[in-house]
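Here is a walk through one protein chain for someone meeting it for the first time. Keep the sequence and the 3D view open while you read.

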Amino acid sequence: MADDAPPPPAPPDRTAAATTILAVRTALPPHRYTQDDLTELIGDLCLAPGAERALLRRLHASAGVRTRHLALPIERYAALGDFGQSNDAWMAAGLDLAEQALTGALEEAGLEPHDVDLLVCTSITGIAAPSLDARLAGRVGLRPDVKRVPVFGLGCVAGAAGLARLHDYLRGHPDDTAVLLTVELCSLTLQQRDDSHANLVAGALFGDGAAAVVARGRRTTGRGPGSGGPGSGGPGPTVVATRSHLYPDTEQLLGWNIGASGFRIVLGAGVPGIVRGHFGAGLRDFLADHGLTTDDIGTWVCHPGGPKVLSAVTDVLGLPDNALAAARHSLATVGNMSSASVLHILQNTREARRPAPGTWGLLLAMGPGFCSELVLLRW
């Protein structure tokens, strides 16, 4: 190299724009049931009187779910006669859970509602205009100038995608406080007298809940985590980078058909196949862009799509059998809560597993589109 040649450019400092997660809080309805308790009761809702129940029982037994929380007492679901009544129930129960999750996360972070600059609110199990976040603002004391982004349509991927979009925002507004709020009342979408395989799988797998994440663009001082206040186990992890991916010609694989009876689930059997055929290469490319491999990831925060999806992720990435234990535990204790599940797992990871400082993590989810979202974390 000539003496007067310019030096090569320095590699980008990928941690300079890191987003710090200050708090994660999940809120669950009080109506908790064992899977065994629900099997026959859901059969009463979904099947015609006297219909054969062998398939229903097999699906419930193999779903990997032991207990779930429902938005309403199970005996009230039969009285939900149409989509309007189900959606009204979603709005009422959803607002209560949203308030619990949001205020709990802010308390853990040592912050007040007026500290929130951006609120991203996502749900795919009901609709409202004004949206849930607008109805919640005055109820909890958000500022009149709070920026709101209601999101519909992302489904199970929205917990990961929402966290990624917080990171995008905070890179440009590093002094702001941003909140992701997910509200999913999956039980209210269950279709009565619908014995389709997809509806029966949904009735075996999904649970209800809400979750909130509080994040800032840089580490802060004060009453928050690490300062002796609520949640003083230390802030983190940080979001280092994200990656989104849409898979061509898979739009009909997952989602809703929306009609007079509300949200009828579309749940194709090809999801594990997409994971096995396409997911691994994109994930490895993402890690390679940051000088990492799957062996460098010490903590996996994976949305629990179901036992077959978790097995497909484990196999295609060559992970140890216990790598997704946190996802399987969440599935067993609360079911698949759509977008709230990956945040429930993140909360449990921060509280119970406590990764050592410097540990790399990967938060990931998949959803309608068909799409995936990857969020690179570091403790």
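A word on exposure comes first: buried means under 20% relative accessible area, exposed means over 50%, and partly exposed is anything in between (1.4 Å probe, protein chains only). The model here is predicted, so local features need pLDDT of at least 70, side-chain atom pairs count only at pLDDT 80 or more, and totals for chains, interfaces and linings use all residues. Residues are numbered from 1 along each chain as its sequence is written, and side-chain values use heavy atoms, with hydrogens and water left out. Helices (H or I, at least four residues) and strands (E, at least two) are DSSP runs, numbered from the N terminus.

**Salt bridges**

Let's start with charges. Side chains of opposite charge can pair when their charged atoms come close. The term salt bridge is used for a side-chain nitrogen of Lys or Arg within 4 Å of a carboxyl oxygen of Asp or Glu. The structure holds 16 salt bridges, including the three in this table.

| Pair | Closest N to O distance |
|---|---|
| R350 and E108 | 2.9 Å |
| D117 and R143 | 3.0 Å |
| D168 and R165 | 2.7 Å |

Take R350 and E108, which form a salt bridge. R350 sits in helix 10 (residues 341-353) and E108 in helix 3, so this pair ties together parts that are 242 residues apart in sequence. Both R350 and E108 are buried. They also belong to a wider group: R25, E108, R350 and E351 are linked in a network of salt bridges.

Next come D117 and R143, another salt-bridged pair. D117 lies in the loop between helix 3 and strand 4 (118-122), while R143 lies in the loop between helix 4 (132-140) and strand 5 (147-151), so the pair ties together parts that are 26 residues apart in sequence. D117 is buried, at 13% relative accessible area, and R143 counts as partly exposed at 24%.

The salt bridge between D168 and R165 stays inside one helix. These two are three residues apart in helix 5 (residues 158-172), which means about one helical turn separates them. D168 is partly exposed, with a relative accessible area of 37%, and R165 is partly exposed too, at 34%.

**Inside the protein**

Which residues have the most contacts inside the largest nonpolar core? They are W300 and L362, in a core of 125 residues. Helix 3 gives the most to this core, with 12 residues. (A nonpolar core is a set of buried Ala, Val, Leu, Ile, Met, Phe, Trp, Tyr and Cys residues joined through side-chain atoms within 4.5 Å.) Contact means heavy atoms within 4.5 Å. Leaving aside neighbours within four places in sequence, the contacts of L362 include F286, I297, W300 and L376.

Now look at L343, which is found in helix 10. L343 is buried, at 0% relative accessibility. Beyond its neighbours within four places in sequence, L343 is in contact with residues including V24, L180 and V213. L343 and A160 are 183 residues apart in sequence, yet their C-alpha atoms are 8.0 Å apart in space.

Helix 2 (residues 54-62) has L56, L59 and H60 as its buried residues. Seen down the axis of helix 2, these fall within an arc of 95 degrees, so they line one face of the helix; the arc is that of the directions from the helix axis to the C-beta atoms. What covers them includes helix 1 (35-46), strand 3 and helix 6 (197-205). The face turned away from the buried side carries the exposed residues R58 and A61. Just after helix 2, G64 takes a positive phi of about 80 degrees.

**Toward the surface**

Is N87 buried or exposed? N87 is buried, with a relative accessible area of 10%, and its place is in helix 3. Not counting residues up to four places away in sequence, N87 touches G126 and I127.

E75 is found in the loop between strand 3 (67-70) and helix 3 (83-109). E75 is exposed, with a relative accessible area of 61%. E75 and I42 are 33 residues apart in sequence and 10.0 Å apart in space, C-alpha to C-alpha.
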